[in-house]
Amino acid sequence: MERTLTALVNDRPGVLARVAGLFSRRGYNIASITVGAAEEPGFSRMTIVSAGDDVVASQMVAQLLKLVDVIEVRDISKEKVVRRELALVKVKTTPTTRLEITHILDPFRVSIVDVGHYSITVEVTGDTEKIDALIALLHPYGVVQIARTGVTALVRSGAALDGQNHLSDEKNA
Amino acid sequence: MTIITPSTIDNEAQQREKLLQPDLISGSEILLRSLLLEGVECVFGYPGGAVLYIYDAMHDNPEFKHVLTRHEQGAIHAADGYARSTGKVGVCIATSGPGATNLVTGIATAYMDSSPVVVITGNVPTHQMGTDAFQEADITGITMPITKHNYLVSDVADLARIIHEAFYIANTGRKGPVLIDIPKDVSAALTYFSWPDEVAISGYGASVQVDEAQADVLIDALATSKRPVIIAGAGVVHADAADEMIAFAQAIGAPVTTTLLGLGGFPGDHPLWLGMPGMHGTYAANTAIQHADLVIAIGARFDDRVTMRSDGFAPNARIAHVDVDPAEIGKILTTDYPVVGDVGAFLRYALARVISRNASSEAPGGPSSNATRHTTAWIEEIAAMKRDYPLSYKDSEEVLKPQWVIQMISDSTHGDAIITTDVGQHQMWVAQYYNFRRPKSLITSGGLGTMGFGFPASIGAQIGNPNALVISINGDGGMQMCSQELAICAVNKIPVKIVVINNQVLGMVRQWQELVYEGRYSSIDLSGSPDFVKLADAYGVKGLRATTKAEAIAAWQEALVTDGPVLIDFQVPKNECVFPMVPPGKTIGDMILSPDQA
């Protein structure tokens with residue numbers, strides 16, 4: 001099954017390489033990986049989307065925790081989470097299709113961030129399914145380029161982690 | 001014999017005080033001071049352009065002991081041998097580029113066997129990094145998958161803290177190598193020395209307490225097991241828990257098999273000892289595992305050379321696994337009773353629980369759950385296996401059999417020596433025929449299986465144990481992979497006894513080609529190898545040769561009484577194979593016990 005892991009890591013050079021290298025040498029696929037600053041300076045949060053059964057997922061967590069630069073890891077695949085991805089989609093337009101396309105875009109609550117003579121660029125945010133659906137609808141018009149960020153995720157409020165100070169948790173090495 | 005030891009310090013506290021002074025010093029001097037503050041007795045290394053400042057600082061610090069090897073690979077293996085034989089951190093130094101990459105095999109060797117080594121490499125100056133400068137290599141990138149952690153020092157102000165952290169990480173939790181890469185400008189830069197009082201590494205907590213709830217479940221399971229087997233691994237040795245291991249095995253009445261790296265973690269002359277399990281394990285060890293109802297792995301990781309076909313391993317047993325590394329549990333086998341924690345702490349906790357339970361069950365009218373009574377029939381069954389299927393080989397009076405040579409060496413030391421091996425047939429014969437009785441008495445590359453490891457490792461072991469008898473047992477193939485270190489034995493009068501089990505072929509490869517590849521021998525002929533006696537002589541090391549039992553006994557006696565290094569070339573037949581052997585793809589129940597069955 002698809003796995004989403006969230007990891008709090010030191011914001012240091014090479015940490016992404018350590019994590020990516022670990023996944024590659026242990027034979028775990030990376031569908032997407034996102035990294036950005038976490039709530040406290042000096043730390044980053046990574047969201048890794050991969051695949052595997054429960055045994056593989058627990059190995060991913062345990063192996064990641066062995067990296068000194070990894071502070072905390074959690075497999076949030078079976079938890080209530082907010083998952084978001086952002087995509088920029090450049091689609092061909094003609095004077096006749098332009099209006100039709102904007103009608104398709106309406107229910108997706110997207111922003112048109114760039115308009116040219118022959119194409120427009122759309123920014124869409126949501127879960128992976130929503131973005132896949134929009135791209136599928138735009139395909140007949142000619143999708144020129146797509147850039148996707150990959151999934152980032154947080155456990156929903158009310159779930160176990162909520163309100164906890166993650167950095168105070170000592171992890172086992 | 002002259003062994004390098006730390007210089008006599010009249011007043012250790014005074015010396016330490018001197019080292020701690022906040023003087024304005026260079027990165028190189030910070031390195032040397034920090035290593036001395038970590039209690040390093042000796043480093044192994046090889047100089048070069050990027051570490052010139054470091055070697056320059058050594059010139060002014062005569063109390064800093066450095067052994068110049070003849071190859072960086074020799075330095076890292078020696079540091080590893082020092083670490084494994086003492087339990088202290090081994091240290092080596094190499095320059096940038098080729099110096100650093102020559103360490104890679106040795107770092108991977110230490111990593112696979114969880115050996116605490118700190119590796120110092122120089123690198124090109126910071127402003128040249130990334131420009132493909134002369135002798136530049138991205139050694140932190142290269143060693144990421146084979147170090148427990150590594151550092152690239154970008155600011156001299158961080159250096160003392162990083163060294164302190166590196167030593168802590170290397171020798172706590174599941175041990176392993178840590179590399180510190182120091183660019184040349186950092187080793188030259190000046191700063192005021194400041195030694196950190198404590199280690200605070202966010203993301204690393206090494207003191208792994210035993211999960212008592214998990215341990216209790218396992219201890220309850222022991223009470224109902226009638227056929228338990230303990231697999232004791234390197235974790236027992238690393239945790240200095242050999243005594244606790246004996247007490248625990250006796251208290252629960254369980255036989256013990258020791259993995260290759262666990263040999264010595266349980267005494268080879270103990271009645272509960274089964275020998276080594278796995279591909280070249282004993283009949284008793286493998287059969288006991290296949291018949292067991294409970295397998296308790298303690299500080300062992302179910303390596304594929306132990307389990308062989310893992311889906312046919314211990315088919316009737318529940319699996320208990322005690323390990324300091326949570327990632328090992330469930331990695332290979334589904335585990336019924338996982339216990340995360342330090343092996344020594346687990347054994348002490350479990351022993352106390354089992355003793356109190358045994359005592360209460362022996363009280364008049366108490367429940368008859370005494371574990372040892374439960375397993376009496378099993379212990380007798382195993383004793384019969386050991387008696388009926390001992391290790392065996394066809395001895396000869398015409399030629400010298402390698403197994404006989406190992407037995408002769410074993411008998412001469414009574415287990416009271418440090419043995420290092422290389423990799424291959426001789427390594428397996430040592431594991432089978434040398435009777436190890438105490439922990440840290442076998443130094444061998446188990447996980448990576450590195451040829452060329454054994455001889456330089458013995459040099460490190462001898463420097464760490466100046467009063468011990470250290471014997472380096474090699475094949476004629478591996479001996480040629482690091483023989484250049486004969487020079488440092490001669491120069492420093494390091495009295496290692498160097499044994500070459502010389503069969504003129506790559507024996508283990510030959511064995512596989514004979515048994516698995518239908519006798520199609522390919523690139524195993526080592527004819528053209530040097531005369532090892534002359535090779536030793538060329539370095540100024542005494543060389544002896546034996547081709548018969550009488551010569552072997554005489555040569556070995558001469559070696560033992562010789563004050564200094566000696567190489568003994570034991571000439572043995574080409575076609576000897578290691579048995580028992582579990583063929584690839586088979587379970588450990590499917591052993592070939594002798595050549596007649598092959």
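Here's a quick tour of how chains A and B are built and where they meet. Keep in mind that this is a predicted model. Chain A splits into two domains, while chain B is divided into three. The two chains touch each other, with 20 residues of chain A in contact with 18 residues of chain B.

**Chain A overall**

- Chain A carries 4 helices and 9 strands, and going along the sequence they come in the order β-α-β-β-α-β-β-α-β-β-α-β-β.
- Along the principal axes, the C-alpha atoms of chain A fill a box of roughly 60 × 35 × 30 Å.
- Of the 173 residues in chain A, 28% are buried.
- If you take the contacts in chain A between residues at least 6 apart in sequence, 74% of them join residues at least 24 apart.

**The two domains of chain A**

- Domain 1 of chain A runs over residues 2-79, and domain 2 over residues 82-152.
- The centres of these two domains, taken over C-alpha atoms, are separated by 29 Å.
- Where they meet, 6 residues of domain 1 of chain A are in contact with 4 residues of domain 2 of chain A.
- On the domain 1 side, strand 2 (32-37) and strand 3 (43-51) of chain A each chip in at least two residues, and the largest share, 3 residues, comes from strand 2 of chain A.
- That same side of domain 1 of chain A has 2 nonpolar and 4 polar residues, with no charged ones.

**Where chain A meets chain B**

- Between the chains, 20 residues on the chain A side pair up with 18 on the chain B side as contacts.
- Three elements of chain A give two or more residues each to the side touching chain B: helix 1 (15-25), helix 2 (54-66) and strand 4 (70-75).
- Helix 2 of chain A makes the largest contribution to that side, with 6 residues.
- Chemically, the side of chain A that touches chain B is a mix of 7 nonpolar, 7 polar and 6 charged residues.

**The domains of chain B**

- Chain B has domain 1 at residues 12-192, domain 2 at 212-388 and domain 3 at 402-578.
- Domain 2 and domain 3 of chain B have their C-alpha centres 32 Å apart.
- At their shared boundary, 12 residues of domain 2 of chain B are in contact with 15 residues of domain 3 of chain B.
- The domain 2 side of that boundary in chain B consists of 7 nonpolar residues, 4 polar ones and 1 charged one.

Notes: Residues are numbered from 1 along each chain as its sequence is written. Chains are lettered from A and ligands numbered from 1 in the order in which they are written. This is a predicted model: local features need pLDDT of at least 70, side-chain atom pairs count only at pLDDT 80 or more; totals for chains, interfaces and linings use all residues. Two residues are in contact if their C-beta atoms, placed from the backbone, lie within 7 Å. Ala, Val, Leu, Ile, Met, Phe, Trp, Tyr, Cys and Pro count as nonpolar, Asp, Glu, Lys and Arg as charged, and the others, Gly among them, as polar. Domain bounds come from an automatic or database domain assignment. A residue is buried if 20 or more other C-beta atoms lie within 10 Å of its own, exposed if 12 or fewer, and partly exposed in between; C-beta atoms are placed from the backbone.
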